[in-house]
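Q: Please take a close look at a single part of this model, the one that brings together stretches far apart in sequence. Describe what surrounds that part, and then set it against the rest of the chain.

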Amino acid sequence: MLKFTQAQRTLSCIRNMLPRIVTTGVVIHGEPVLYVDPENVPPMLNFLKNHTMTRCKQLLDVTAVDVPTRPKRFEVVYQLLSVEHNSRMRVKTQVGALGEEGVPSVVDLFPSANWFEREVWDMYGIYFAGHPDLRRILTDYGFQGHPLRKDFPLSGFVEVRYDSTKKRVVTEPVQLSQEFRQFDLLTPWQTK
């Protein structure tokens with residue numbers, strides 16, 4: 001006979017209460033993970049914050065994952081904590097590239113989302129609709145691209161250095177002095 005854990009019961013109840021919002025769900029390492037469409041993120045987080053069964057009053061983090069092989073390449077992940085129930089919960093949604101509508105902002109629901117959403121915007125280029133101040137937070141204002149995207153070059157586009165002759169910081173295009181080498185990763189031993 002199967003024994004359900006508290007996380008599995010919680011996940012099952014939420015899926016039964018919100019069948020049109022929760023597309024799927026799974027329990028990973030004892031924590032429920034709920035998948036929703038981008039437009040359903042605010043109602044889902046509002047439910048998890050205020051329902052007596054969950055009481056997830058703290059938004060711990062908002063982050064993203066880039067999987068370029070998917071049609072909707074970005075997965076936005078919300079990490080929630082319930083101190084009252086001593087439990088954690090994740091809400092995930094998938095969005096496409098830069099030109100699409102993005103994800104609705106949850107700053108009104110969780111003020112801590114302000115910095116998290118700005119960081120995801122800066123690093124991945126995922127747009128949060130309705131965000132009060134969506135601008136770069138970790139990179140320079142003139143920075144081109146989004147550094148945590150898988151299509152961003154490892155060496156970047158420009159390098160910033162201090163020029164002692166000009167007595168200021170200068171920005172120059174990256175010039176690699178050596179070509180990238182090809183490695184045979186199949187064998188750890190040198191063959192020649």
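A: **The five-stranded sheet and its setting**

Among the contacts between residues at least 6 apart in sequence, 44% join residues at least 24 apart. The model is a predicted one. It holds three helices and nine strands, and along the sequence these follow the pattern α-β-β-α-β-β-β-β-α-β-β-β. Of the 192 residues in the protein, 36% are buried. The protein exposes about 12,800 Å², and 54% of that area is supplied by carbon and sulfur atoms.

The part to look at is an open sheet of five strands, with the order β1-β2-β5-β4-β3 and mixed pairing. The edges are taken by β1 (22-28) and β3 (58-66); each has a single partner strand, so one side of each is left without a neighbour in the sheet. Direction ignored, neighbouring strands of this sheet are turned by 20° against each other on average.

At the β1 edge, β1 and β2 are antiparallel and are paired over six bridges. One of these positions is V22, whose bridge partner in β2 is V36. The two strands form a hairpin with two residues between them, and H29, in the turn, has a positive phi of about 50°.

At the other edge, β3 runs antiparallel to β4 (residues 74-82), and eight bridges join the two. Here D66 stands opposite F74 of β4.

Two helices lie against this sheet. Helix α1 (residues 6-17) lies across β1, β2 (31-36) and β5 (87-95), and runs at about 180° to β1. Helix α2 (residues 41-50) also packs on the sheet; α2 touches β1, β2, β4 and β5, and its direction makes about 175° with that of β5.

T63 gives a closer view of the β3 edge. This residue belongs to strand β3 and is partly exposed, with a relative accessible area of 27%. Leaving out residues up to four places away in sequence, T63 touches E75, V76, V77 and V120. The contact with V120 spans 57 residues along the chain, and the C-alpha atoms of T63 and V120 are separated by 6.1 Å. V120 falls within helix α3 (residues 113-124).

In a regular strand, side chains alternate between the two faces of the sheet. Salt bridges add side-chain links to the picture. The structure holds eight of them. In one, the side chains of R90 and E31 meet at 3.6 Å, N to O. R90 lies in strand β5 and E31 in strand β2, so this pair ties together parts that are 59 residues apart in sequence. R90 is partly exposed, at a relative accessible area of 23%.

A second salt bridge brings together the side chains of R70 and E75, also at 3.6 Å, N to O. R70 is partly exposed, with 31% relative accessible area. E75, which is among the residues that T63 touches, has 8% relative accessibility and therefore counts as buried, the cut-off for buried being under 20%. R70 and E75 are linked with K92 in a network of salt bridges.

Another salt bridge involves helix α3. The side chains of D133 and R118 meet at 3.8 Å, N to O. D133 sits in the loop between β7 (128-129) and β8, while R118 is in α3, and the pair, 15 residues apart, links distant parts of the chain. D133 counts as partly exposed at 29% relative accessibility, whereas R118 is buried at 6%.

Later in the chain there is another hairpin. Strand β8 (residues 158-163) pairs with β9 in the antiparallel sense, over six bridges. R161 has V170 of β9 as its bridge partner. Four residues lie between the two strands of this hairpin, and K167 in the turn has a positive phi of about 60°. V160, Y162 and V169 form a nonpolar patch on the surface, with about 310 Å² of accessible area together. V169 is itself part of strand β9 (residues 168-173).

To return to the sheet: β1 and β3 stand at its edges, helices α1 and α2 lie against it, and the R90–E31 salt bridge ties β5 to β2.

Key
Residues numbered from 1 in each chain as written. Predicted model: local features only at pLDDT ≥ 70, side-chain atom pairs only at ≥ 80, totals over all residues. Heavy atoms only, no water. Pairing = 2+ DSSP bridges. Axes fitted to C-alpha atoms, helices over the stretch in contact; angles between N-to-C directions. Contact = heavy atoms within 4.5 Å. Patch = residues over 30% accessible without salt bridge, like charges linked within 9 Å, V, L, I, M, F, W, Y side chains within 5 Å. Areas by Shrake-Rupley, 256 points an atom, 1.4 Å probe, with all protein chains shown as cover. Salt bridge = Lys/Arg side-chain N within 4 Å of Asp/Glu carboxyl O. Buried < 20%, exposed > 50% of the residue type's maximum accessible area, 1.4 Å probe, protein only.
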